[in-house]
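User: Hey, got a minute to go over the pockets in this one with me?

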Amino acid sequence: MLYGFAVDDHELAAQLATEAGRLLLAVRQEFADADVRERKAAGDKRSHDFLMEALGNQRPADAVLSEEGVDDPVRLRCQRVWIVDPLDGTREFSELGRDDWAVHVALWQAGELIAGAVALPAQGITLATPHVEPPPVAPDKPRIVVSRTRPPAVALAVRDALDGTLVEMGSAGAKVAAVVQGLADVYVHAGGQFEWDSAAPVAVARSAGLHTSRINGSALAYNQPDPKLPDLVVCRPELAREVLAATC
């Protein structure tokens with residue numbers, strides 16, 4: 001469905017992420033009996049194709065950086081670049097019944113992330129700028145959200161420093177969404193990511209009033225020549241100093 005989109009960039013990001021999510025749910029059902037690799041490939045391709053066509057129609061003058069696309073260096077000369085992950089958490093998507101995967105759509109303009117949306121299709125949720133509710137009051141023990149297979153050492157260090165607990169979850173978008181929703185309090189990653197892994201989640205987290213940075217406390221920079229952005233902290237602002245001290 002490539003019609004009826006609003007002019008506003010925030011609304012466009014939300015609608016694109018939500019519609020791509022619906023498409024992915026349909027792909028999941030269509031490939032329910034197929035090989036897992038087929039399911040993953042179909043999800044990645046169809047969501048990417050949808051987003052590229054929709055952005056081409058709705059924002060033809062803008063550049064796009066997508067995980068599933070060829071990186072065109074023309075984006076480095078553009079004032080507006082959409083940074084998208086058509087399917088964040090391909091493994092979780094491929095495992096029928098899991099809901100911790102996402103679609104990311106963000107807009108970078110003149111050095112800043114100005115709009116973003118994270119859709120959690122299997123949960124029926126889309127978190128989108130400009131208005132994201134801050135998380136509710138935190139529990140006594142901070143909850144650090146980590147990958148369910150390989151918790152990074154830096155996350156374990158944060159857990160120990162804060163006397164916290166671990167919460168296992170899938171994709172990066174789902175992890176940041178958990179912090180935004182108050183289901184976790186800290187997400188820290190230092191194992192290698194790219195701009196599309198964090199652009200939309202960071203835009204949403206900032207809109208909710210959360211702290212976002214590199215693990216050394218420096219600013220996150222997007223639309224760089226090398227799209228690798230290997231580490232990330234998203235947490236409640238009152239925990240930021242302790243979290244960053246534990247990552248050094």
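Analyst: Sure, let's go through the pockets one at a time, keeping in mind that this is a predicted model.

User: How much space lies in the largest pocket?

Analyst: About 590 Å³.

User: And which residues lie nearest its centre?

Analyst: Those are Ser147, Gly170, Ser171, Ala172 and Lys175, out of 29 residues that line the largest pocket. Strand E2 (80-88), helix H3 (90-94), strand E6 (143-147), helix H5 (172-180) and strand E8 (186-190) each give two or more residues to that lining.

User: Which domains does the lining of the largest pocket draw on?

Analyst: Domain 1 (9-128) and domain 2 (143-247), with at least three residues from each.

User: What's the lining of the largest pocket like by class?

Analyst: You get 11 charged, 10 polar and 8 nonpolar residues there.

User: OK, switching over. How much space is in the second largest pocket?

Analyst: That one holds about 150 Å³.

User: Which elements supply at least two residues of its lining?

Analyst: Helix H2 (36-58) and strand E1 (63-66). The largest share comes from E1, with 4 residues.

User: Which residues line the second largest pocket, then?

Analyst: Going along the chain, you have His48 and Met52, then Ala63, Val64, Leu65 and Ser66, followed by Gly69, Val70, Asp71, Asp72, Val74 and Arg75.

User: How many of those are nonpolar, polar and charged?

Analyst: In the second largest pocket's lining, 6 are nonpolar, 3 are polar and 3 are charged.

Terms used
Residues are numbered from 1 along each chain as its sequence is written. This is a predicted model: local features need pLDDT of at least 70, side-chain atom pairs count only at pLDDT 80 or more; totals for chains, interfaces and linings use all residues. Side-chain values use heavy atoms; hydrogens and water are left out. On a 1 Å grid over the protein atoms alone, a cavity is a set of points where a 1.4 Å probe fits but cannot get out, and a pocket is an open set with protein on both sides within 12 Å along at least five of seven lines; lining residues have an atom within 4 Å of a point. Grid points are joined across faces, edges and corners, and a volume is the space filled by probe spheres set on the points. Ala, Val, Leu, Ile, Met, Phe, Trp, Tyr, Cys and Pro count as nonpolar, Asp, Glu, Lys and Arg as charged, and the others, Gly among them, as polar. Domain bounds come from an automatic or database domain assignment.
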